[in-house]
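Welcome, and please load the model in your viewer. We will go from selection to selection, with a look at what is there at each stop.

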Amino acid sequence: MAQTLRIIKKYPNRRLYDTEISSYITLEEVRQLVLDGEHFEVRDAKSGEDLTRSVLLQIIAEHEEHGQPMLSSQLLSHIIRFYGDSLQGFMGPYLERSLQVFLDQQQQFRNQLNTMMGQTPWSMLNEMTERNLDVWKSMQRGFLDAATAKPAAATHVPPRGGKKAS
């Protein structure tokens, strides 16, 4: 089943209207749509022009300004220098592929870590507790068996050669 495209209208007063829920939403709520993997477009309410990139860039700018920045000034300067460069057309697809490779490696690392460590810290702790309990029970059985075992008859072996030690 194909996911329908969610339309968000942007009005001249900069308010965003989500047509799916028939309500105004904030930029932070648009960010949440991105995090949730929702497919949407932001359109100018009057002209119908696609403003999606502009709104996404606005979200990035706000997080870069108020959060912990991901994009250094040097990186941003390099990106700006590519505008108008003969390689500008290659830069976008290159960055997209590079980010996809990074995301794939990140997912592979997480899968390996989950395989190595189990699903949750609690499952690891439970496993360790069960192993320790098994070892403890085994040790207790060994002590009980040793304590209840009949002592073996002591056998005396006389020294060889019949000589007495002096």
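Among contacts in the chain between residues at least 6 apart in sequence, what percentage join residues at least 24 apart? The figure is 42%. Keep in mind as you look around that this is a predicted model.

**The whole chain**

Start with a cartoon view. The chain has 5 helices and 4 strands, and from one end of the sequence to the other they come in the order β-β-β-α-β-α-α-α-α. Now colour by accessibility: of the 166 residues in the chain, 11% are buried.

**Helix 1**

Select residues 27-35, which form helix 1, and show the side chains of L27, V30 and L33, its buried residues. Why do these three share a side of helix 1? They cover an arc of only 105° around the axis, and this puts them on the same side. The spacing fits a familiar rule: an α-helix has 3.6 residues a turn, so residues three or four places apart point the same way.

Next, bring in what these buried residues pack against. Their partners are strand 1 (6-10), strand 2 (16-18), strand 3 (23-25), strand 4 (40-44) and helix 2 (52-66). Before you leave, step just past the end of helix 1 to G37, where phi is positive, at about 80°.

**The tyrosines**

Select Y11, Y17 and Y24, which ring pairs link into a cluster. The structure holds 2 aromatic pairs. For Y17 and Y24, the ring centres are 5.2 Å apart and the planes meet at 70°, so this pair is edge-to-face. Both of these rings belong to partly exposed residues: Y17 has 22% relative accessibility, and Y24 has a relative accessible area of 38%.

Add R15 to the selection. Which ring does R15 lie over? R15 is over the face of Y24, at 3.9 Å from the ring centre. Y24 thus makes a good point to centre the view, with Y17 as its edge-to-face partner and R15 over its face.

**Strand 4 and the start of helix 2**

Move on to E41, in strand 4. Is E41 buried or exposed? E41 is buried, as its relative accessible area is 19% and the cut-off for buried is under 20%. Show its surroundings: leaving out residues up to four places away in sequence, E41 touches L5, R6, I7, I8, D50 and T52.

Then pick R53, in helix 2. R53 is exposed, with a relative accessible area of 61%. Draw a distance from its C-alpha atom to that of V42: the two residues are 11 apart along the chain, and the separation is 8.4 Å.

**The largest pocket**

For the last stop, switch on a surface. The largest pocket holds about 1,800 Å³ of space. Its lining is made up of 30 residues, and those closest to its centre are L57, I60, M70, L71 and L99, so select these five to find the middle of the pocket.

Which helix gives the largest share of the lining? That is helix 4, with 9 residues. Colour the helices separately to see who else takes part: helix 1, helix 2, helix 3 (73-82) and helix 4 (88-117) each supply at least two lining residues. Helix 1 therefore appears twice on this tour, with buried residues on the same side and with a part in the lining of the largest pocket.

Technical notes
Residues numbered from 1 in each chain as written. Heavy atoms only, no water. Buried < 20%, exposed > 50% of the residue type's maximum accessible area, 1.4 Å probe, protein only. Arc of directions from axis to C-beta. Contact = heavy atoms within 4.5 Å. Phe/Tyr/Trp six-rings, centres within 6.5 Å; stacked < 30°, edge-to-face > 60°. Lys NZ or Arg CZ within 6 Å of the ring centre and 35° of its normal. 1 Å grid on protein atoms, 1.4 Å probe; cavity = no way out; pocket = protein on both sides within 12 Å on 5 of 7 lines; lining within 4 Å. Points joined across faces, edges and corners; volume = space filled by probe spheres on them.
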